[in-house]
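Work through the exercises below with the model open. Try each task before reading its solution.

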Amino acid sequence: MAIDQYIPTATPLKSGTILDIGGSKLENATHQALTNVLAKATTTGTPITLPDEMLYDSTGHELWSQIIYHPDYYQTRDEISLLDSNGDDIASYINPGAVMLDIGAGDTRKVAHLLRKIDARGIDATYVALDISEESLARNLKPLTQSLRHICCIGLWGSFSDGMAWFTRHDALVNILNPLANYTKHGTSSMAGAVAAARTSVTPEPPQRVLLSLGSVLCNDAWARAVSHLEAWARTLTEPDDFILAGMDGHDQLPAHREKLWAAYHFDADETEEGTMVASSSSSSFSSSDDLFSQFWCNGFTHANRLLGANVFRPEEWAVRGAVVPLMDIPRGLSGGACHRFIFTYTGVAAAAAAARHGDSAGLHLAAGQTMDWFDAHKYGPELVREMCGEAGLVVEREWKAGQDSCFYQYLFRSYGSGSARGNM
Ligand SMILES: C[S@@+](CC[C@H](N)C(=O)[O-])C[C@H]1O[C@@H](n2cnc3c(N)ncnc32)[C@H](O)[C@@H]1O
């Protein structure tokens with residue numbers, strides 16, 4: 001599979017092409033983010049959060065694919081069943097020629113359920129998978145390109161911010177338009193010639209932009225941060241037909257959802273841990289357990305050490321504890337909101353030893369007792385999602401629920417700024 005630098009092209013890109021929109025510079029950016037976090041720990045000793053990006057190298061992706069298909073990780077099963085039951089309805093919102101950008105595409109097995117529905121309707125559109133892992137993109141685009149007849153699949157290797165900048169660029173979208181597409185905003189009769197016209201025209205009509213956020217990529221943050229991310233993505237929607245399709249885990253009622261949430265993040269929870277779970281947290285030794293999440297963290301530590309060029313993060317020096325907690329930062333007058341946290345505590349004896357291991361990394365070190373969060377999972381039900389959208393300049397036009405026993409939702413958001421949502425108010 002070709003990995004092309006992002007250069008405007010005169011000819012249509014082949015399905016399966018991967019464009020480097022910043023991916024090759026990501027390790028530097030992630031290293032910088034990690035060093036900043038460690039500097040904060042060194043100077044303030046306050047709790048820190050490690051960048052999630054460290055979790056998703058090639059091995060991390062393989063582990064993540066196993067985690068999400070574990071029977072207790074209900075989110076994947078629920079989202080797939082939602083897409084299978086409602087995919088036709090969702091697909092009816094996709095126009096010919098649409099460009100669907102999947103942010104944090106991952107292994108794409110889930111989105112494939114939706115893409116097949118769109119493909120079966122004969123809609124010639126373009127699916128664009130954005131991810132920080134080039135290997136994951138290469139591995140996962142292949143089966144899609146082989147199985148979809150109408151949808152052209154392109155990979156974007158880069159970060160969310162690279163993807164956001166790319167998505168706002170009209171010329172970038174025109175470059176990757178599906179050559180088969182009936183490329184008009186309202187699906188009238190012009191065919192491939194319209195694409196050619198769009199490529200050469202000075203001001204071609206913009207294709208429908210659809211942002212896909214599966215697996216709670218959007219909204220899954222502390223309130224203010226989630227709103228600000230949504231707000232930024234909302235600004236990329238410029239036309240009335242543009243929209244965001246966002247899957248969000250709404251198991252946010254405590255104590256009702258506590259047990260289900262816990263089980264999804266602690267596959268090997270034994271009796272003792274379940275007993276402690278009632279009190280909402282449990283400790284386990286990081287290195288003694290070989291469950292998938294532990295392997296995921298260990299791999300993240302290895303990645304961090306690789307970036308730092310020193311053996312700073314040693315699994316045996318950390319204790320990890322899970323906690324299901326209510327969210328305290330939701331707007332007044334609203335209820336719900338839950339979070340599963342993994343809390344790591346540094347149990348290493350000597351900060352100096354850590355500093356020494358850190359070698360030339362500007363004297364950064366970890367003090368005994370230092371805590372950090374990694375991989376928080378925020379849960380917001382429909383009422384909170386609607387409020388969050390309102391603050392971000394979006395309106396929830398449709399919502400689909402996974403089934404009677406599940407509070408996993410898929411939402412269709414429109415932007416006030418793009419002209420359609422305002423009219424629907
Ligand atoms: C929780 S997984 C979700 C995957 C997929 N959407 C799903 O539902 O299965 C998050 C994905 O986002 C990607 N990712 C993490 N940080 C990213 C960033 N800063 N920019 C782009 N992608 C990122 C990861 O590589 C991973 O594939």
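**Exercise 1. Compare the span of helix 5 (residues 134–147) with its expected span, then locate its kink.**

Start with the length. Helix 5 has 14 residues. From first C-alpha to last, helix 5 reaches 21 Å, close to the 20 Å expected at 1.5 Å a residue. The expected span is 1.5 Å times one less than the number of residues. Helices (H or I, at least four residues) and strands (E, at least two) are DSSP runs, numbered from the N terminus.

Now the kink. A bend of about 25° lies at L141, shortly before the proline P143. The bend at a residue is the angle between axes fitted to the seven residues ending there and the seven starting there.

Two ground rules apply throughout. Residues are numbered from 1 along each chain as its sequence is written. The model is predicted: local features need pLDDT of at least 70, side-chain atom pairs count only at pLDDT 80 or more, and totals for chains, interfaces and linings use all residues.

**Exercise 2. Which residues of helix 5 are buried, and what do they pack against?**

First, the cut-offs. A residue is buried if 20 or more other C-beta atoms lie within 10 Å of its own, exposed if 12 or fewer, and partly exposed in between; C-beta atoms are placed from the backbone.

Apply them to helix 5. S136, L137, N140, L141 and L144 are buried.

Next, find their partners. Two residues are in contact if their C-beta atoms, placed from the backbone, lie within 7 Å. The buried residues of helix 5 pack against two helices, helix 2 (58–68) and helix 4 (111–120), and against strand 2 (18–20), strand 5 (126–131) and strand 6 (152–157).

**Exercise 3. Place strand 6 among its neighbours: is it covered or open, and which strands pair with it?**

Check burial. Six of the six residues of strand 6 are buried. Take the faces in turn. C152, I154 and L156 line one side, and C153, G155 and W157 the other. Both faces are covered.

Check pairing. Two strands pair if DSSP finds at least two bridges between them. Strand 2 runs parallel to strand 6, joined by three bridges. Strand 5 is also parallel to strand 6, with six bridges. D131 stands opposite W157 of strand 6.

Look at L19 in strand 2. Its bridge partner in strand 6 is L156. L19 counts as buried because 26 other C-beta atoms lie within 10 Å. L19 and I154 are 135 residues apart in sequence, yet 7.7 Å apart in space, C-alpha to C-alpha.

**Exercise 4. Why is strand 15 (residues 406–415) described as largely enclosed, and how is it paired?**

Count burial. Eight of its 10 residues are buried, so the rest of the structure largely encloses strand 15.

Go to the first partner. Strand 8 (residues 243–249) is antiparallel to strand 15, through six bridges. L245 has L412 as its bridge partner.

Go to the second. Strand 14 (residues 394–403) is antiparallel to strand 15, through eight bridges. W400 has Q410 as its bridge partner. A hairpin of two residues joins strand 14 to strand 15.

Finish at G403, in strand 14. G403 counts as exposed because it has 12 C-beta neighbours inside 10 Å. G403 and L82 are 7.2 Å apart, C-alpha to C-alpha, and 321 residues apart in sequence.

**Exercise 5. Describe the nonpolar cores.**

Define the term. A nonpolar core is a set of buried Ala, Val, Leu, Ile, Met, Phe, Trp, Tyr and Cys residues joined through C-beta atoms within 7 Å.

Take the largest core. It holds 71 residues, and V128, L230 and M388 touch the most other members. Helix 9 (residues 223–234) gives the largest share, six residues. Beyond four places in sequence, L230 touches L218, C219, M388, C389, A392 and L394. Apart from this core lies another, of 26 residues, including L38, L55, I132 and F313.

**Exercise 6. Where should the coordinates be read with caution?**

Begin with the average. The mean pLDDT (the predictor's confidence in each residue, from 0 to 100) is 84, and 80% of residues reach 70 or more.

Then find the weak stretches. pLDDT stays under 50 over residues 350–356, which have 11 contacts beyond four places in sequence. It is also below 50 over residues 421–425. Where pLDDT is low, predicted coordinates should not be read in detail.
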